[in-house]
Each structure stands twice: as structure tokens, then as C-alpha cells.
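Colleague: Could you take me through this model, starting with its domains?

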Amino acid sequence: METVEKLTKTLRNHGMKITPQRLMIFKILENNTSHPSAEQVFKRVKKIYPTVSFTTIYKTLETLRDLGEVQELIIDEDRKHYDPNTDTHHHVICSNCKKILDVFEDFSQHVKLPDTLKKDYTVSGFQISFHGICKDCN
Ligand SMILES: [Zn+2]
Ligand SMILES: [Zn+2]
């Protein structure tokens, strides 16, 4: 993700109105390594701006995703998480406390694409999600 200042400019150029609520979303995401879900972002913004709607939060996150400013992670089916780090990296998720941590390791030599996939797709990337129990929970 770009800095909040740059991001504000980028979004203005895309016709988005920069409201204090949206600015707060950017600030929550900037340098955030905790991979917050839309609900978690919503709760934090709502504390300061009680009238903000979940739709506003969700739509802003979707726009950031469409612009390539954040990565959307679908780790469990009913919850999307957001990561301002858009560089290729992987994740490890604790099955107990649901904490998501980054895994910066190049697995490309270890991944062999099946022929059927190579035939039908031009694969641009992949992401590995490891699941387990973290040290704190163990
Ligand atoms: Zn844990
Ligand atoms: Zn990440």
C-alpha cells in the first residue's frame, strides 16, 4: 500500500470522496501486519465514528483491493481479511486464536503446476496458507 498521503491522492483521482471515516480506514491499514478482517476494521472505525456503516467500510476495502493497494485474503469462507503488503508472500493461520502471520519464503521451486492447469490458465501467482496451532496457544 502507498502512504496514506499518496493513497488519498490516488483515490481522489479515481473520484472517491475522502471522508474522515475513509481516512481512518487507510490509517488502520497502513503498515498493519495483523491482516484485519472487514469486521475488525469496521469495529475500530465505529468506535470513533458511530454512524459509519459496514457497507462504507466494505466498499472502501473493495476499492482498495481493485486498485491493487491491498491484498484480499480469503482464509475462512465467511470472512475476508486485508493485507496492505501486496508483495508476494504467504500466510500461517492459528486454528485456535485465528492469528494470521506472514511467511516470507519463496516456494516457487517447490510448486509444480499440474498440466491441466498449465493448459487452461496463464498462472500469475499462488499463495500458500499454512494452518496450525501457534506458540501462544500451544
Ligand atoms: Zn493461536
Ligand atoms: Zn500478509
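Colleague: How far apart do the C-alpha centres of domain 1 and domain 2 lie?

Modeller: This is a predicted model, in which local features need pLDDT of at least 70 and side-chain atom pairs count only at pLDDT 80 or more, while totals for chains, interfaces and linings use all residues. Residues are numbered from 1 along each chain as its sequence is written, and chains are lettered from A and ligands numbered from 1 in the order in which they are written. The assignment, which is automatic or from a database, gives domain 1 as 4-83 and domain 2 as 90-132. The distance between their C-alpha centres is 24 Å.

Colleague: How many residues of domain 1 are in contact with domain 2?

Modeller: Contact here requires that the C-beta atoms of two residues, placed from the backbone, lie within 7 Å. On the domain 2 side five residues take part, and on the domain 1 side the number is five.

Colleague: Is E30 buried, exposed or partly exposed?

Modeller: E30 lies in the loop between α2 (20-29) and α3 (38-48), helices being DSSP runs of H or I with at least four residues, and strands runs of E with at least two, numbered from the N terminus. A residue is buried if 20 or more other C-beta atoms, placed from the backbone, lie within 10 Å of its own, exposed if 12 or fewer, and partly exposed in between. Because E30 has 14 other C-beta atoms within 10 Å, this residue is partly exposed.

Colleague: Which residue stands opposite V92 in β5?

Modeller: Strand β3 (residues 90-94) pairs with β5 in the parallel sense over four bridges, where pairing requires that DSSP finds at least two bridges. In β5, the residue opposite V92 is F130.
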